[in-house]
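Hi everyone, thanks for coming. I have one structure to walk you through today, so let's get it up on the screen.

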Amino acid sequence: MIYVNEQNKEFHLTNGQISYVFRVMEETNILEQLYYGSAIQHYESFDFMIEREIRPSNNWKWGSHLTSFEHIKQEFPVFGSSDFREPAIDIEYPAGDHISHFEFQHYTIRAGKTVDGDLPGSFGGEQEVETLAIVLKDLYSELYVTLYYYLYLNLPIVTRQQVIDNRGNETVVINRMHSLSLDIPDSGYDWIHLDGAWARETIMARNKIHSGIQNVSSTRGASSHVHNPFLAICEETTTNSQGNAYGVSLIYSGNFLAQIEKDTYNVLRIQLGINPHQFRWKLDAGTQFQTPEAIIVFSQAGLNSMSQSFHQFFSTHVIRSPWKKKEKPILINNWEATYFDFTEERLLEIAQASKQMGIEMFVLDDGWFGSRNNDNGSLGNWQPDYKKLPNGIQGISQKIHDLGLKFGLWFEPEMVSKDTAIYLAHPEWVIGNAEKNRSHGRNQFVLDFGNPEVVEAIFEQVNRVLATAEIEYIKVDMNRYLSEVYSAILPADQQGEVAHRYILGVYRFFEKIIANYPDLLIESCAGGGARFDPGMLYYSPQIWTSDDTDAVERLKIQTGASLVYPLTAISSHVSAVPNHQVGRVTSLEMRKNVALFGTFGYELNPLALSNEEQDQIAKQIAQYKRYQQLINQGTFYRLETESANFVSWLVINEEKTEGLVGFYQILADPNSPYRRIKLAGLDETKDYQVYENDQLKEAKRNGSDLQFYGIRLGGNFIGREQEYWSRELPGDFHSKLYFLKAIEMASK
């Protein structure tokens, strides 16, 4: 509910889980931030929260107020007018100055939320979300900013978005405009972020917050392998299961900045939005600019609770694909089986063997178009290679369907190679200054998707393929970053707009695909996880998490991704060994037990498997089908992730009648101590049967002791000493899968 004290001009957003309180500051009419955190009682006045200490050596904006803005917690801070911290907005005016003062004008409240404009966002019905819109006006110009607050009534979540409207007669320039600025008193917090590189994305890092600025960001044109558009702050004692945590994330896929500034009086300014580096948006008279939407989550029950709120929010209010409610087909991708070297006959042999194991969809990856036998050419020439596929995509699709499989296809629409007609005819469609160096990556260049003509031309090519064949799934890839950012269609004073216009064009491309093929299952990919972000989830219900499919590396990658993203979004496949990225050999069982916790599939050549391995995969698929609904719809817990050698995960259904536990040990240890997996989220009034690798392990365990004592991993060999000495040791890269079923459900 949104409370407004008209007399004091105070706003209190609360839903019983969180409270967000701010007010209009007297005389200055700026928005003063008071509180964000666990739900508190509503008061007629929150003036007891006002913090105004007189500090020496400050600039004071108004003569009658001996308080500097530098020491005021604010909703929409500007730089220089006595506040020297990082601003939420930076406007360059015609005179060349950057002096703004945005004052409160009025507000509106309405029920529900839709996605408006060119950016992806969240959505909710009138019973799910309340919208507060606050209009500010610049004291010195006809610039109006509307701050949107979206309070989700059943989740500890508020989302934020801003729109600036130039109602004057002069052009101004936006150098910075964040989606979120939040001032929180420091309590000795740590901060958490997701770092990495290609093949090691979303690795969780946790550090102490120090004085000054610390941030994660991207200047690469995509959210990137290196950082994810997310950060969290938490108490030093916060764990997966206890303690306060604040998480923020951005529904955006381009250059971003997620930043914390700790000032000299221990206030943390958390900001999130488009990266201001080389961003410069020309705002002409009569035009407006919209920021991406930022998400703020609060948890007082640890990081798992924070993650679960993100998961539910994305699954319900961001992912819009009809596939989010469906059980997705188990697919096999031919890439690691063939790379570029295949024929139609070879593909059909792989598909036939896959069908016999229970796989439901065959996906044809890179190499089917132009004359692409390596990564040197043909991108931008989306016509079938009839040397490899004599009957084209329509023919191979029909034959795959005749085998009883669905068919999927790979595209990389944003890229172009020099040997294609589109490059030769339109060199100006490539990002970069033709008179200067234009770097290539993977022998390819980036098309200027900020140019609507480019988006239309590529869509027409892709559409010709999709319209003439039965295709249920597409994998949309992007394998290089933007560098030497420059657009031939924009004048010099708008070159700071290129990166943002580019990602808006990517979104337009997805919108066109979805409008024409609303039932198509889309998987986003960017050289693995270089664009694993909430913006992509709006268009693509699942994202290829990493090109690294090694089971051991995926433990870290998927654990980090789960901090923010639901299992249904995390594409996780079983691949061949030795693993193609790290050369490691792990058992088929270990690879399966890791890949189960996501969108399950395969990246291998079934023709290279033994009969025993093919039978094992058939059993794996049958097992996943039994657990698929639980994995897709259940609540996920990270049970053990701090150890360098052990990881354990749990997913449990809403009724708390079924649960699936994955335990993973990376390296074997001698004479090890007893270990127990302490579970979470169970019903303490229920008794459960515990199955280990589908065999009954314990006939009756109560939910309470499974949580406080746990599942014992070591054996009890008293009286069975010979069995102890003759047992087969599991060795390195070992895993176990436990299934829990409430006893009242066990016979069903």
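Before I point at anything, a word on terms: a strand here is a DSSP run of E with at least two residues, and strands are numbered from the N terminus. Please also keep in mind that this is a predicted model.

With that in hand, let's start at Val363, which sits in strand 22, residues 361-364. Is Val363 buried or exposed? Its relative accessibility is 0%, and the cut-off for buried is under 20%, so Val363 counts as buried. What does Val363 touch, once neighbours within four places in sequence are set aside? The partners are Leu331, Ile332, Asn333, Asn334, Gly408, Leu409 and Tyr473. If you want a landmark, Ala351 is twelve residues from Val363 in sequence, and the two C-alpha atoms are 9.2 Å apart.

Now use that landmark again for Asn702. Between Asn702 and Ala351 there are 351 positions in sequence and 45 Å in space, C-alpha to C-alpha. Asn702 belongs to strand 36, residues 695-702. With a relative accessible area of 19%, Asn702 is buried, because the limit is under 20%. Beyond four places in sequence, Asn702 is in contact with Glu684, Thr685, Lys686, Asp687 and Tyr688.

Let's step back to the whole chain. How many helices and strands does the protein chain have? There are 13 helices and 38 strands. The radius of gyration is 27 Å, close to the 27 Å from the globule rule for 748 residues, so the chain is as compact as a globular protein of that length. Along the principal axes, the C-alpha trace spans about 85 × 70 × 45 Å. Buried residues make up 61% of the 748. Among contacts with a separation of 6 or more, 69% are between residues 24 or more positions apart.

On the outside, the chain exposes about 28,600 Å², with 47% of that supplied by carbon and sulfur atoms. As for charge, there are 67 positive and 95 negative ones, and their mean positions lie 3 Å apart.

Now to the inside. The largest nonpolar core has 186 residues, and Ile233, Trp368 and Ile393 have the most contacts within it. Which element gives this core its largest share? That is helix 7, residues 498-516, with nine residues. There is also a second, separate core of 19 residues, and Val661, Leu679, Leu682 and Leu706 are among them. Coming back to Ile233, its contacts beyond four places in sequence include Ile184, Trp191, Tyr246 and Leu268. Polar residues turn up there too, including Asp190 and Asn244.

I'll finish with some backbone details in the loops. Where is Pro578? Look in the loop between strand 29 (570-575) and helix 10 (588-595). The peptide bond from Val577 to Pro578 is cis, with omega near -5°.

Two residues other than glycine have a positive phi worth showing you: Thr202, near 45°, and Lys656, near 60°. Thr202 is in the loop between strand 11 (190-195) and strand 12 (203-208), and at 5% relative accessibility Thr202 counts as buried. Lys656 is in the loop between strand 32 (646-652) and strand 33 (658-665). At 29% relative accessibility, Lys656 counts as partly exposed.

That's my tour, and I'm happy to turn the model around for anyone who wants another look.

Terms used: Residues numbered from 1 in each chain as written. Predicted model: local features only at pLDDT ≥ 70, side-chain atom pairs only at ≥ 80, totals over all residues. Heavy atoms only, no water. Helix = DSSP H or I, 4+ residues; strand = E, 2+ residues; numbered from the N terminus. Rg over C-alpha atoms; globule rule 2.2 N^0.38 Å. Buried < 20%, exposed > 50% of the residue type's maximum accessible area, 1.4 Å probe, protein only. Contact = heavy atoms within 4.5 Å. Areas by Shrake-Rupley, 256 points an atom, 1.4 Å probe, with all protein chains shown as cover. Lys, Arg positive; Asp, Glu negative; His and termini not counted. Charge placed at Lys NZ, Arg CZ, Asp CG, Glu CD. Core = buried A, V, L, I, M, F, W, Y, C linked by side-chain atoms within 4.5 Å.
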